[in-house]
Amino acid sequence: MTQQSTSLLVGLLAGVCAAFLLVSAGSPSGLSFFLFAAAALPVLIAGLGWSNLASGVAVLVAMVVLGLTTSLQAAVVSSITTLAPAAWIAHLSNLARPAEEIGGPKGAVAWYPLSDIVLSLSGVVCIGLFAVGLAMGYGPDFVSDLVNLFVTTIQQNNPAYQPSAENLEEMKRFFLFALPAIQASIWVLILLACWYVASAIVRASGRSKRPKDDMPSQLRMPRTGALAFAAGVALSFAPGSIGLIGWTIVGAFGVSFVAAGFAIVHERTRGKPARGLILWAAYATTILFTLPLGFFFFLGLFETARSTTVTGPGSGPGTGSGPGAGPNSNT
């Protein structure tokens, strides 16, 4: 069987698997969220372990299966928000160039920087949510119906819950701007987690082209991310759809800086006797109070970097730092 035929077969199987996960997620259950989130894994594994052709076929097959079993809208939304971004970051992960082009050792290979992968991931999530929001007509009327449905559901279980008209309007105003930011941040984290898991699976199978990234030292956002976040903050003050776009950008890029902040804490506590306690406290307080997110955000914001993984002669143990590698070749 030729390499192209293998990629087509892998893409077909990955697409069916992704579609199965998405269709299963449509059934009300406690696992629905995890099934929906895991739908990116087959596409990522196909792209990371085989080729762009495999991940591209997986996206198309999943769209067709979803379109036939659910609806065209579900197929398009899933592809824009989950499947296509997964294929894209798999493509970026396999990009490499000669390390000497960026000042590295001769004969070594510099891989596309993890920081740029996260930056691109934040961007494609924003674009996907912009498109979905525009197609679904996201706005005050959409949020009003959503909040009314939410309140009605609560009242079915708790008839005593009767919010005043003023409180209801405040709730609608809050969710109008909070939902784009929350959804963007959650989706960036989901895709980043799926990329991490898929990379580990592909490495364990022996099919990984890219070596393991040292995430504590390399998971940083480049300065471009800070500019994008600042632009999002500025746009968030604008009325109407422009403001909603701004909040989406704030959520997507803001959570990437938070992730970088956690990576910094992981790196700086290496070798420390109380490392486990410090990390446990960091995650626990963030989950319980959310306020510490601000600390990790600023920690990530004030330590921007573009570290490059380098492999080959003179590259040491397999990871190194450099000014960054661009998309030059697909290894």
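## Overall shape

What radius of gyration would a compact globule with 331 residues have, and what does the protein chain have? The globule value is near 20 Å, and the protein chain has 21 Å, which agrees. This is a predicted model. Along its principal axes, the C-alpha trace spans about 70 × 50 × 40 Å.

The protein chain holds 13 helices and 4 strands. Of its 331 residues, 45% count as buried. Contacts between residues at least 6 apart in sequence were also sorted by separation: 74% of them join residues at least 24 apart.

## Surface and charge

The accessible surface of the protein chain comes to about 16300 Å². Carbon and sulfur atoms account for 70% of that surface.

The protein chain carries 16 positive and 12 negative charges. The mean positions of the two sets are 13 Å apart.

## Helix α1 and Val23

Helix α1 covers residues 3-25, and Val23 is placed in it. Is Val23 buried or partly exposed? Val23 has a relative accessible area of 36%, so it is partly exposed. Buried would require under 20%, and exposed over 50%.

Beyond its neighbours within four places in sequence, Val23 is in contact with Leu66, Thr69 and Thr70. Trp88 offers a distance marker. It lies 65 residues from Val23 along the chain, and the two C-alpha atoms are separated by 22 Å.

## Helix α6 and Ser122

Helix α6 runs over residues 114-136, a stretch of 23 residues. From first C-alpha to last it reaches 33 Å, close to the 33 Å expected at 1.5 Å a residue. Just after α6 comes Gly137, with a positive phi of about 70°.

Ser122 lies in α6. Its relative accessibility is 0%, so Ser122 counts as buried. Which residues does Ser122 touch, not counting those up to four places away in sequence? They are Val188, Ala252, Phe253 and Ser256. Helix α11 spans residues 240-268.

## The approach to α11

Ala238 sits in the loop between α10 (223-236) and α11. Ala238 is partly exposed, with a relative accessible area of 23%. Pro140 is 98 residues from Ala238 along the chain, yet their C-alpha atoms are separated by 15 Å.

## Helix α11 and Trp247

Helix α11 has 29 residues. What span should those residues have at 1.5 Å a residue? The expected figure is 42 Å, and the end C-alpha atoms are 42 Å apart, which agrees. The helix is mostly covered: 21 of its 29 residues are buried.

Trp247 is in α11. Its relative accessible area is 31%, so Trp247 is partly exposed. Apart from residues up to four places away in sequence, Trp247 touches Phe177, Pro180, Ala181 and Ser236. Gly261 is 14 residues from Trp247 in sequence, and the pair is 21 Å apart in space, C-alpha to C-alpha.

## Helix α12

Helix α12 takes in residues 275-289, 15 residues in total. It reaches 21 Å from its first C-alpha to its last, close to the 21 Å expected at 1.5 Å a residue.

Which residues of α12 are buried? They are Leu279, Ala282, Ala284 and Thr286. The cover over these buried residues includes α11 and α13 (293-301). An α-helix has 3.6 residues a turn, so residues three or four places apart point the same way.

## Thr290, after α12

Thr290 follows α12. It lies in the loop between α12 and α13. Where does the phi of Thr290 fall? It is near 60°, a positive value in a residue other than glycine. Most residues other than glycine have a negative phi.

Thr290 has 47% relative accessibility, so it counts as partly exposed. Positive phi also appears just after α6, at Gly137.

Terms used: Residues numbered from 1 in each chain as written. Predicted model: local features only at pLDDT ≥ 70, side-chain atom pairs only at ≥ 80, totals over all residues. Heavy atoms only, no water. Helix = DSSP H or I, 4+ residues; strand = E, 2+ residues; numbered from the N terminus. Expected span 1.5 Å × (residues − 1). Rg over C-alpha atoms; globule rule 2.2 N^0.38 Å. Buried < 20%, exposed > 50% of the residue type's maximum accessible area, 1.4 Å probe, protein only. Contact = heavy atoms within 4.5 Å. Areas by Shrake-Rupley, 256 points an atom, 1.4 Å probe, with all protein chains shown as cover. Lys, Arg positive; Asp, Glu negative; His and termini not counted. Charge placed at Lys NZ, Arg CZ, Asp CG, Glu CD.
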